[in-house]
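The following note sets out points for a colleague who is reviewing this structure. The points are numbered and may be read in order.

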Amino acid sequence: MADDAGATSNTLTDVPGFRVGHAQRVGGGALTGVTVVLAPAGGAVAGVDVRGGGPGTRETDALDPRNLVPRVDAVVLTGGSAFGLDAAGGVVAWLEEQGRGFRVGPEPSQVVPVVPTAALFDLGRGGDWHARPDAALGRAAAEAAGAAGHAPVALGNVGAGTGAVAGGLKGGIGSASVRLPSGVTVGALVAVNAVGSAVDPVTGELYAARFGQPGEFPELHAEPAAAPAEGPSLNTTLAVVATDTTLTKAQAHKLAGTSHDGLARALRPVHLLSDGDTVFALASGARPLPVPEGDPAFAVHVEAAALNELYAAAADAVTRAVGRAMLAAETVGEFHSFRDKCANRPNCG
């Protein structure tokens, strides 16, 4: 189905035009951060699918196919639970300074940046309950995205993944990409912060390893970690899927929905009341959807086949991104990384 020959970094920025920036606060009681996915100039058609029972979001209604805004310029993933949604204000201000946003007046500068945002729960993980992202940290992440060019996405304990935990192990930022035989590229970025575990409790293997590209996941096995017993387990895994093909808002909404399948393969259980699992989808429209010509009577089926290939590849990329997040994460305090747990096993490669 897919060909990775065109994916040079195996991260979301392999999708032409998209950039990613992180900003984080670590130390002094802080362990949190923000990740910004910046769309190409002119923005991207966007969709969203929220399946967790405890989401914290901003501007997701604007992505409904029935609503007005046609494209967005950025998506924000943030720590800090609902408090962290303040980070979006810094991104909005930065985009306005760049003249980017939804045009609302006769002057080019009269724009309102629409910045869909979702937050994960990492409150208190650095020791200070009140250490959480704000507008200044959001601006820093946006500036980092603007300056990043098309560099590979930094993985692990960065951005929105700084304070992330998954099933008692340290979570973080993961990313993966794939180029389809048609030439369309799709990439995924995930902030892995789940009530459920990414590790098979019987084998100690990452669930995502079963869906990896050749050589992508080493033969590592770890002792599964139990989630901390004290207090409620509050989490949320967030993802952004991007592609360079042309999609309608309804098709982008469907892409976000099918991409949740990638979370369900890599994390168990998922979509619980204590998660706020949210997936955004972005389509730049840089290349047409690869639909071959044929009998007009079957045009809808031909288009569906092209979309199905994209949707399936995106779900796979999300699964792989979760696994790569767990491999890249580093131990912080009581939250041990998968690799450190692996190192404690005599048969761990």
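**Notes on the predicted model**

1. Helix H3 (residues 249–266) packs against helix H4 (residues 299–328) at an angle of about 40°, and their axes are 7 Å apart. H3 is therefore oblique to H4. The crossing of these two helices is right-handed. The model in which this arrangement appears is a predicted one. On the H3 side the contact involves Gln251, Lys254, Leu255, Thr258, Ser259, Asp261, Gly262, Leu263, Arg265 and Ala266. On the H4 side the residues met are Glu303, Leu307, Leu310, Tyr311, Ala314, Ala315, Asp316, Val318, Thr319 and Val322.

2. Strand E13 (residues 238–245) deserves attention for its burial: 8 of its 8 residues are buried. In a regular strand, side chains alternate between the two faces of the sheet. In E13, Leu238, Val240, Ala242 and Asp244 point one way, while Ala239, Val241, Thr243 and Thr245 point the other way. Both sets are buried.

3. The pairing of E13 involves two further strands. Strand E12 (residues 185–192) pairs with E13 in the antiparallel sense over 6 bridges, and Val190 has Ala239 in E13 as its bridge partner. Strand E14 (residues 278–287) pairs with E13 in the parallel sense over 7 bridges. Here the bridge partner of Ala242 is Leu282 in E14.

4. Another part of the model contains an open sheet of 5 strands in the order E1-E2-E5-E8-E4, with mixed pairing. Its edge strands are E1 (19–27) and E4 (56–58), each of which pairs on one side only. Neighbouring strands of this sheet are turned by 10° against each other on average, direction ignored. Helix H2 (residues 135–147) packs on the sheet and touches E1 and strand E2 (30–38). The direction of H2 makes about 140° with that of E1.

5. At the E4 edge, the partner is strand E8 (residues 117–119), and the two strands pair in the antiparallel sense over 3 bridges. Arg58 stands opposite Thr117 in E8.

6. At the other edge, E1 and E2 run antiparallel and are joined by 9 bridges. Gln24 has Gly33 in E2 as its bridge partner. The hairpin of E1 and E2 has 2 residues between the strands, and Gly28 takes a positive phi near 60° there.

7. How many residues of E2 are buried? The count is 9 of 9. Ala30, Thr32, Val34, Val36 and Leu38 lie on one side, with Leu31, Gly33, Thr35 and Val37 on the other, and both faces are covered. E2 is also joined to strand E5 (74–78) by 5 bridges, and these two strands run antiparallel. Within this pair, the bridge partner of Val37 is Val75 in E5.

8. Asp73 merits a separate remark. This residue is in the loop between E4 and E5. Is Asp73 buried or exposed? Asp73 has a relative accessible area of 8%, and therefore counts as buried, the cut-off being under 20%. A polar atom of the Asp73 side chain lies 3.3 Å from the backbone nitrogen of Gly101. Leaving aside neighbours within four places in sequence, Asp73 is in contact with Val37, Leu38, Ala39, Gly42, Gly43, Leu95, Arg100, Gly101 and Val114.

9. Gly80 is found in the loop between E5 and helix H1. The relative accessible area of Gly80 is 0%, so this residue is buried. Not counting residues up to four places away in sequence, Gly80 touches Thr32, Leu120, Asp122, Leu123, Arg132 and Pro133. The C-alpha atoms of Gly80 and Asp49 are separated by 21 Å, the two residues being 31 residues apart along the chain.

10. In H1 (residues 87–97), the buried residues are Ala87, Ala88, Gly90, Val91, Val92, Trp94 and Leu95. What covers the buried residues of H1? The cover includes E2, E4, E5, E8 and H2. Gly99, which follows H1, has a positive phi near 75°.

Terms used: Residues numbered from 1 in each chain as written. Predicted model: local features only at pLDDT ≥ 70, side-chain atom pairs only at ≥ 80, totals over all residues. Heavy atoms only, no water. Pairing = 2+ DSSP bridges. Helix = DSSP H or I, 4+ residues; strand = E, 2+ residues; numbered from the N terminus. Axes fitted to C-alpha atoms, helices over the stretch in contact; angles between N-to-C directions. Contact = heavy atoms within 4.5 Å. Buried < 20%, exposed > 50% of the residue type's maximum accessible area, 1.4 Å probe, protein only. Polar contact = N/O pair within 3.5 Å; in protein donor to acceptor, adjacent residues only side chain to side chain. Parallel < 35°, antiparallel > 145°, perpendicular 65-115°, else oblique. Left-handed = near helix turned anticlockwise from the far one by under 90°.
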